[in-house]
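Trainee: I've got a chain loaded and a stack of labels to go with it. Can we go through what earns each label?

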Amino acid sequence: EMHLLGQGMGRLIHNLIVTTCTTSSLTKYMHKKDDGTFNKDGYTFAVGKKDLTDVGKCIEMSRSKIPVSFQGSWDNLIAKTDGARAVDFLDFLLFVVPTLIVPLFRSAPVRRALLSLVKGCAIALQWELTDSNINEMEK
């Protein structure tokens, strides 16, 4: 679960949202038009650089409030990902995305889809799954 959801899904969502600095790094995520150009204007996960900086500041400000039993390092993954572990990307996916990132999207379907993905990942990380948990994940 750590590698599939943390390094896999968590890092992918991080890259889709945070890697907005250079167009060349985003082209692998953008829709390519028939003429070979990329649809930069309609990028689904576009978040302004100032908004991302504010998210990073919120992460840093909340660090003193995180219990010591917390497994991750609670680093600002907006500023740097050097040395980030799977658990750090899981923390980003499970806690930062739904509370700080999702409200920044203008499109309601994007917000709903991302929240559903995060909820499904949270359910998948439980120690035991019931039939109702599995049904909820399939929605």
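Mentor: Sure. One yardstick to begin with: the expected span of a helix is 1.5 Å times one less than its number of residues. Keep in mind, too, that this is a predicted model.

Trainee: Let's use the yardstick, then. How do you know whether helix 5 is about as long as expected or short?

Mentor: Helix 5 has 17 residues, and its first and last C-alpha atoms are 24 Å apart. The expected figure is 24 Å as well, so the span of helix 5 is close to expectation.

Trainee: And what do the end C-alpha atoms of helix 1 say against a straight helix?

Mentor: Helix 1 also has 17 residues, but its ends are only 21 Å apart. A straight helix would reach 24 Å at 1.5 Å a residue, so helix 1 falls short.

Trainee: Stepping back, which elements does the chain have?

Mentor: Six helices and zero strands, so reading from the N terminus you get α-α-α-α-α-α. As for burial, 32% of the 139 residues count as buried. Among contacts with a separation of 6 or more, 51% come from residues 24 or more positions apart.

Trainee: On burial, why does Asp88 count as buried?

Mentor: Its relative accessibility is 6%, and the cut-off for buried is under 20%, so Asp88 qualifies. Asp88 sits in helix 4, which covers residues 86-101.

Trainee: What does the side chain of Asp88 reach?

Mentor: The backbone nitrogen of Arg85, at 2.9 Å. A polar contact has to be within 3.5 Å, so on distance that pair passes.

Trainee: Why is Phe45 buried?

Mentor: Phe45 has a relative accessible area of 19%. That is under 20%, so the label holds. Phe45 is in the loop between helix 2 (23-26) and helix 3 (49-62).

Trainee: Which residues is Phe45 in contact with, leaving aside its neighbours within four places in sequence?

Mentor: Leu16, Ile17, Phe105 and Val110. Each has heavy atoms within 4.5 Å of Phe45, because that is what contact means here. Leu16 and Ile17 are listed among the buried residues of helix 1, and Val110 among those of helix 5. C-alpha to C-alpha, Phe45 is 9.5 Å from Ser107, with their positions 62 residues apart in sequence.

Trainee: Now Ala113: why is it partly exposed?

Mentor: Its relative accessible area is 47%. Partly exposed runs between under 20% and over 50%, so 47% lands in the middle class. Ala113 belongs to helix 5, and its C-alpha is 9.9 Å from that of Val102, eleven residues away along the chain.

Trainee: What covers the buried residues of helix 5?

Mentor: The cover includes helix 1 (2-18), helix 4 and helix 6. The residues being covered are Val110, Leu114, Val118, Gly120, Cys121 and Ile123. For helix 1, the cover includes helix 3, helix 4 and helix 5.

Trainee: On to empty space. How many cavities of 30 Å³ or more does the structure hold?

Mentor: One, with a volume of about 60 Å³. It's called a cavity because a 1.4 Å probe fits there but cannot get out.

Trainee: What lines the largest cavity?

Mentor: Ile59, Trp74, Asp75, Leu77, Asp88, Asp91, Phe92 and Val96. Helix 4 gives the most, with four residues. By class there are five nonpolar, no polar and three charged residues. Asp counts as charged, so Asp75, Asp88 and Asp91 belong to the charged class.

Trainee: And what about the pockets: which residues line the largest pocket?

Mentor: Glu1, Leu94, Ala122, Ala124, Leu125, Gln126 and Trp127, around a volume of about 210 Å³. They divide into five nonpolar, one polar and one charged. Glu counts as charged, so Glu1 is in the charged class.

Trainee: Which element gives the most to the lining of the second largest pocket?

Mentor: Helix 5, with seven residues. That pocket holds about 160 Å³ of space, and its lining splits into five nonpolar, two polar and three charged residues. The lining includes Gly120, Cys121 and Ile123, which are also on the buried list of helix 5.

Methods
Residues are numbered from 1 along each chain as its sequence is written. This is a predicted model: local features need pLDDT of at least 70, side-chain atom pairs count only at pLDDT 80 or more; totals for chains, interfaces and linings use all residues. Side-chain values use heavy atoms; hydrogens and water are left out. On a 1 Å grid over the protein atoms alone, a cavity is a set of points where a 1.4 Å probe fits but cannot get out, and a pocket is an open set with protein on both sides within 12 Å along at least five of seven lines; lining residues have an atom within 4 Å of a point. Grid points are joined across faces, edges and corners, and a volume is the space filled by probe spheres set on the points. Helices (H or I, at least four residues) and strands (E, at least two) are DSSP runs, numbered from the N terminus. Buried means under 20% relative accessible area, exposed over 50%, partly exposed in between (1.4 Å probe, protein chains only). A polar contact is a pair of N or O atoms within 3.5 Å; within protein, one must be able to donate a hydrogen and the other to accept it, and residues adjacent in sequence count only if both atoms are side-chain atoms.
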